[in-house]
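Subject: Structure handover

Hi,

Here is the structure I promised to pass on to you. Please open it alongside this email, and my notes follow below.

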Amino acid sequence: MSKTTASKRGTWVDDTLWDVMDGVASTAGALVKADHPWADAQLAQLYDAFSFDADVPFYLELAAQQGGRVLELACGSGRLTVPLANAGNSVVGIDVSPHMLALARAKLETHPSVTLIQSDMRAFNIGGPFDLAIIAVKSFAYLTETEDQLQALLCVKKHLRQGGVLAIDLLHAKPEWIGQSPGSMRDDLVQYSAAHGFTLSRVESVVSTDLSQQIRVIRSAYEAIDARGQLVAKRFVEWPYRWIHRFEAEHLLARAGFELQSVYGDYQCEPFTSESATMLMVARRR
Ligand SMILES: C[S@@+](CC[C@H](N)C(=O)[O-])C[C@H]1O[C@@H](n2cnc3c(N)ncnc32)[C@H](O)[C@@H]1O
């Protein structure tokens, strides 16, 4: 497809994405297998087109309680950064992906109280102190080694004030999730995006599971289909994802100098139980 034709269809993607649309690999290729999948520009745009805001009130409330200096790790394309900033908080967002940050910058360019920094959450030094640090929607799972997890938590601790709070939203790895066999699939999300004028679908499947390492490789297939049924974009990505269990997380937090305050099972602060969809921990810097 020519870039001229592509640009007539919409403006939300850069030209390279249209090369993928026809099933022809662009420079990055349609199947992204990388240690760090977010290094892919097209994937960042597809991720950003999904909307999710169930956790926003929880973090807004926490920021209001703790003080307004917020550090958001793995802030991505600004899904949470934007409402936090709009609520009057002073937010520093860090993310390792230049593509996710570019999308966040486009939304926050003129916001006076936001700073976006490209950095790895395992090693950053950006001053502070902060009242609240956030690691949202399972982003911690991209750290696949205990040492990496610890380094990230130690870095967070260094940037928090005494008594400052870390909120970390972890996957609740239930036995049925862990037990899914390779090739098993589940429809994760199907969503119409009025802003883009197309329906987005993301289907996740299990590539492999290593119980000894607590690592699952997941393949996500992203598709965007317009009102005429035309495929607008398609992308596959595989990444390793490390789950951690409740008391492992508690030990990690303690090793990094945090005192656990609460373990919630959802964003309404219900207690964590066997059935909980998520494992949301709030810990205080000792
Ligand atoms: C699932 S997205 C979540 C983005 C955002 N927190 C949100 O709630 O929409 C995961 C993000 O983690 C970032 N990420 C993964 N590993 C990282 C690392 N080691 N350091 C910083 N960011 C990282 C990715 O670039 C990506 O933007």
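Let me begin with one helix, H7, where Gln149, Ala152, Leu153, Cys155, Val156 and His159 are buried. These residues sit on the same side of H7, because the arc they cover around the axis is only 155°. Please keep in mind that this is a predicted model. H7 itself runs over residues 146-159, which makes 14 residues. From first C-alpha to last, H7 reaches 20 Å, close to the 20 Å expected at 1.5 Å a residue.

What lies over that buried side? The cover of the buried residues of H7 includes strand E2 (69-73), strand E5 (130-135), strand E6 (160-171) and helix H9 (246-255).

Three of those neighbours are strands that are linked to one another. E2 and E5 run parallel and are joined by 4 bridges, with Leu73 paired to Ile135 in E5. E5 and E6 also run parallel, and here 5 bridges join them. Ile135 turns up again in this pairing, as its bridge partner in E6 is Ile168. How many of the residues of E5 are buried? The count is 6 of 6, so to speak a strand that is mostly covered.

The other neighbour, H9, has its own buried residues: Ala249, Leu252 and Leu253. They too fall on the same side of their helix, since their arc around the axis of H9 is only 100°. Covering them are, among others, H7, E6, strand E11 (258-264) and strand E12 (278-285). H7 and H9 therefore each appear in the cover of the other's buried residues, as H9 is listed for H7 and H7 for H9. After H9 comes Gly257, with a positive phi near 95°.

Now to the part you may want to look at on your side, the ligand. Which residues are closest to the ligand? They are Trp38, Ala74, Gly76, Arg79 and Ser97, out of 17 residues that surround the ligand. By type, the shell around the ligand has 10 nonpolar, 3 polar and 4 charged residues.

Finally, some totals for the chain. Its secondary structure comes to 9 helices and 12 strands. Of its 286 residues, 36% count as buried. Among contacts with a separation of 6 or more, 61% are between residues 24 or more positions apart.

Happy to go through any of this with you.

Best wishes

Technical notes. Residues are numbered from 1 along each chain as its sequence is written. This is a predicted model: local features need pLDDT of at least 70, side-chain atom pairs count only at pLDDT 80 or more; totals for chains, interfaces and linings use all residues. Helices (H or I, at least four residues) and strands (E, at least two) are DSSP runs, numbered from the N terminus. The expected span of a helix is 1.5 Å times one less than its number of residues. A residue is buried if 20 or more other C-beta atoms lie within 10 Å of its own, exposed if 12 or fewer, and partly exposed in between; C-beta atoms are placed from the backbone. The arc is that of the directions from the helix axis to the C-beta atoms. Two residues are in contact if their C-beta atoms, placed from the backbone, lie within 7 Å. A residue is near a molecule or strand if its C-beta atom, placed from the backbone, lies within 6 Å of it. Ala, Val, Leu, Ile, Met, Phe, Trp, Tyr, Cys and Pro count as nonpolar, Asp, Glu, Lys and Arg as charged, and the others, Gly among them, as polar. Two strands pair if DSSP finds at least two bridges between them.
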